[in-house]
Amino acid sequence: MRVVLGVSGASGAALAAACARHLSALGAEIDLVISKAGERTLVEEIGLEAADALRAQATRVHAIMNVGAAIASGSAPVAGMIVAPCSMRSLAAIAHGLDDNLLTRAASVQLKERRRLVLLARESPLTLAHLRNMTAVTEMGGIVAPPVPAFYLRPESLAAAVEQIAARAVDLLGLGRPQAQAWE
Ligand SMILES: Cc1cc2nc3c(=O)[nH]c(=O)nc-3n(C[C@H](O)[C@H](O)[C@H](O)COP(=O)(O)O)c2cc1C
């Protein structure tokens with residue numbers, strides 16, 4: 001079981017590592033691709049070592065401009081993809097099929113192959129362009145899952161909220177036993 005984890009430059013870099021942990025717990029191989037802005041937000045929000053720590057969790061690491069990587073093709077046996085976090089720029093590129101780097105190309109591949117694509121799209125407030133791009137991705141079969149906390153579970157910390165959001169994102173791939181805490 002192989003999953004692409006894309007990390008773009010929206011706030012919420014901690015979501016990337018949390019998704020990687022939950023994917024590993026499922027036994028999934030992780031193909032990681034981080035955008036330039038994603039590298040920047042990892043540093044700004046977590047620290048200098050964050051990108052390397054994330055890369056250490058991956059099975060394969062791909063350079064953002066390597067559009068010749070295996071995951072750029074529908075022939076690679078990939079189960080689906082999560083973009084965590086997903087910037088409005090990457091959302092727009094995916095919505096319009098620009099395929100302008102390996103992250104957006106791999107996302108397009110999931111859509112064309114009719115596989116799961118989960119975007120943890122983070123921005124607030126939203127412009128009409130953001131909303132239209134979310135609609136376009138949804139119309140193509142992608143899942144737009146903004147990283148909002150499950151307040152009803154009363155998370156005790158930001159870290160707990162991040163874990164829950166990441167677990168829900170992984171559950172949305174539909175690959176195994178649900179990992180997210182459920183409302184009882
Ligand atoms: C600290 C920081 C936080 C950011 N937060 C967001 C955000 O929450 N949402 C967003 O769409 N862009 C955010 N940006 C801007 C994006 O990084 C920028 O639009 C970039 O071009 C996205 O490129 P990418 O999609 O290739 O990663 C942030 C940038 C920085 C440096």
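These are my notebook entries on a predicted model, taken element by element.

**Entry 1, the sheet.** I began with the strands and found that six of them form an open sheet, in the order 3-2-1-4-5-6, with parallel pairing. I then looked for its edges, which are strand 3 (60–62) and strand 6 (143–144), each of them pairing on one side only. As background I noted that strands of a sheet pair through backbone hydrogen bonds, either parallel or antiparallel.

**Entry 2, strands 4, 5 and 6.** I followed the pairing of strand 4 (residues 80–86) with strand 5 (residues 116–121), where five bridges join the two parallel strands. Going through the partners, I found that M81 is bridged to L117 in strand 5, and that I82 has V118 of strand 5 as its bridge partner. On the way to strand 6 I met V118 again, since this residue stands opposite I143 in strand 6. Strands 5 and 6 run parallel and are joined by two bridges. I also checked burial along strand 5: five of its six residues are buried, so the strand is largely enclosed by the rest of the structure.

**Entry 3, a residue in strand 2.** I picked I30, which lies in strand 2, and asked whether I30 counts as buried or exposed. The cut-off for a buried residue is 20 or more other C-beta atoms within 10 Å, and I30 has 20 C-beta neighbours inside 10 Å, so it counts as buried. Leaving aside neighbours within four places in sequence, I listed the contacts of I30 as V3, L5, A20, L23, Q57, A58 and T59. For a distant pair I took I30 and E184, which are 154 residues apart along the chain and whose C-alpha atoms are separated by 31 Å.

**Entry 4, helix 4.** Which residues of helix 4 are buried? I found M88, S90, L91, A93, I94 and A95. That is six of the eight residues of helix 4 (residues 88–95), so the helix is largely enclosed by the rest of the structure. When I looked for what covers these buried residues, the elements included strand 4, helix 5, strand 5 and helix 6 (128–139). After helix 4 comes G97, and its phi is positive, near 60 degrees.

**Entry 5, helices 2 and 3.** I turned to the packing of helix 2 (residues 36–45) with helix 3 (residues 50–57), where the angle is about 115 degrees and the axes are 8 Å apart. That angle makes helix 2 roughly perpendicular to helix 3. The residues that meet are E39, L42 and V43 from helix 2 and A50, A51 and L54 from helix 3. By class, I noted five nonpolar, no polar and one charged residue in this contact.

**Entry 6, the ligand.** How many residues surround the ligand, and which are the closest? I found 16 residues around the ligand, the closest being S8, G9, S35, A37 and M88. The elements that give two or more residues to this shell are helix 2 and helix 4, and helix 2 gives the most, with five residues. Sorting the shell by class, I wrote down three nonpolar, eight polar and five charged residues. I closed by noting that M88 appears in two of my entries, as one of the closest residues to the ligand and as one of the buried residues of helix 4.

Note on methods. Residues numbered from 1 in each chain as written. Predicted model: local features only at pLDDT ≥ 70, side-chain atom pairs only at ≥ 80, totals over all residues. Pairing = 2+ DSSP bridges. Buried ≥ 20, exposed ≤ 12 C-beta atoms within 10 Å, placed from the backbone. Contact = placed C-beta atoms within 7 Å. Axes fitted to C-alpha atoms, helices over the stretch in contact; angles between N-to-C directions. Parallel < 35°, antiparallel > 145°, perpendicular 65-115°, else oblique. Nonpolar A, V, L, I, M, F, W, Y, C, P; charged D, E, K, R; others polar. Near = placed C-beta within 6 Å.
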